[in-house]
Amino acid sequence: MLAGLNHITLAVTDVDRSLEFYTTSLGFRPILKWDAGAYLTLGDLWFCLSRDDAKPSQDYSHISFDIASEHFESFCETLLASDVRTWKENSSEGNSLYILDPDDHKLEIHVGSLETRLNELKSKPYTGLEWF
């Protein structure tokens, strides 16, 4: 039986460039690097960069990272001042900044949780919403 998320691997065209972005811009902790990849952590998350022909999703698929509300504004200002590109404006519960990594993988910096999202949906339900 599955127990949870084990790790995330992203294909990247330039390991050094991506390692710099994820550590310097986003605050990941580097663990190790080799010619074709790197391991990083963010809290309990194990994150792998793997050199390959990156082909990021063209749909809404993305990875969202948690941030405390008191850090959101200054963190986002710093990201945007470093010319990080955005891909979407926030239209849902909680503050969010939608950014692209160097290979155009879609990322989100989000204030909130499943609980805060569910509470929002009680007053503003999605079309066809069904609770389980």
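Me: Rings of Phe, Tyr and Trp (for Trp, the six-membered ring) pair if their centres lie within 6.5 Å, and planes under 30 degrees apart count as stacked, over 60 as edge-to-face and the rest as tilted. Which residues do ring pairs link into a cluster?

Reply: Ring pairs join Phe21, Tyr22, Phe28, Phe47 and Phe65 into a cluster. This is a predicted model, in which local features need pLDDT of at least 70 and side-chain atom pairs count only at pLDDT 80 or more, while totals for chains, interfaces and linings use all residues. Residues are numbered from 1 along each chain as its sequence is written, and side-chain values use heavy atoms, with hydrogens and water left out.

Me: How many aromatic pairs are there by this rule, and what makes the pair of Trp34 and Tyr39 edge-to-face?

Reply: The count comes to 10 aromatic pairs. For Trp34 and Tyr39 the centres are 4.9 Å apart and the planes stand at 70° to each other; the distance is within 6.5 Å and the angle is over 60, so the pair is called edge-to-face. Tyr39 has a second partner in Trp46, because their ring centres are 5.4 Å apart and their planes lie at 90°, which again gives an edge-to-face pair.

Me: Why are Trp34, Tyr39 and Trp46 called partly exposed?

Reply: The word covers what lies between buried (under 20% relative accessible area) and exposed (over 50%), with a 1.4 Å probe and protein chains only. Trp34 has 35%, Tyr39 has 28% and Trp46 has 33%, so each of these residues falls between the two cut-offs.

Me: What makes a set of residues a nonpolar core, and which residues have the most contacts inside the largest one?

Reply: Such a core is a set of buried Ala, Val, Leu, Ile, Met, Phe, Trp, Tyr and Cys residues joined through side-chain atoms within 4.5 Å. The largest has 26 residues, and Tyr22, Leu26, Phe47, Ile99 and Ile109 have the most contacts inside it. At least two residues apiece come from β1 (7–12), α1 (15–25), β3 (37–42), β4 (45–51), β5 (63–66), α2 (69–81), β7 (96–100) and β8 (106–110). The most, 4 residues, are given by α1.

Me: How do you know what counts as a helix or a strand, and how many of each does the chain have?

Reply: These elements are DSSP runs numbered from the N terminus, with H or I over at least four residues for a helix and E over at least two for a strand. The chain comes to 3 helices and 8 strands, and their order from the N terminus is β-α-β-β-β-β-α-β-β-β-α.

Me: Which residues does Phe47 touch, leaving out those up to four places away in sequence?

Reply: Contact means heavy atoms within 4.5 Å, and with that cut-off Phe47 touches Ile8, Leu10, Tyr22, Phe28, Ala38, Tyr39, Leu40, Ile63 and Phe65.

Me: Why does Ser18 count as buried?

Reply: Ser18, which lies in helix α1, has 0% relative accessibility, so the value is under the limit for buried. Beyond the four places on either side in sequence, Ser18 contacts Val12, Leu49, Pro102 and Asp103.

Me: Why is Asp83 called exposed, and Asp104 partly exposed?

Reply: Asp83, in the loop between α2 and β6, has a relative accessible area of 66% and is therefore exposed. Asp104, in the loop between β7 and β8, stands at 34% and so counts as partly exposed. Neither is a glycine, yet phi is positive in each, at about 65° for Asp83 and near 70° for Asp104.

Me: Why is Lys88 partly exposed, and which residues is Lys88 in contact with?

Reply: Lys88, in strand β6 (residues 86–88), has a relative accessible area of 25%, and therefore counts as partly exposed. Outside its neighbours within four places in sequence, Lys88 is in contact with Tyr60 and Tyr98.

Me: What fraction of the residues of the chain count as buried?

Reply: Of the 132 residues of the chain, 32% count as buried. Among contacts with a separation of 6 or more, 47% are between residues 24 or more positions apart. The C-alpha trace spans about 50 × 45 × 30 Å along its principal axes.
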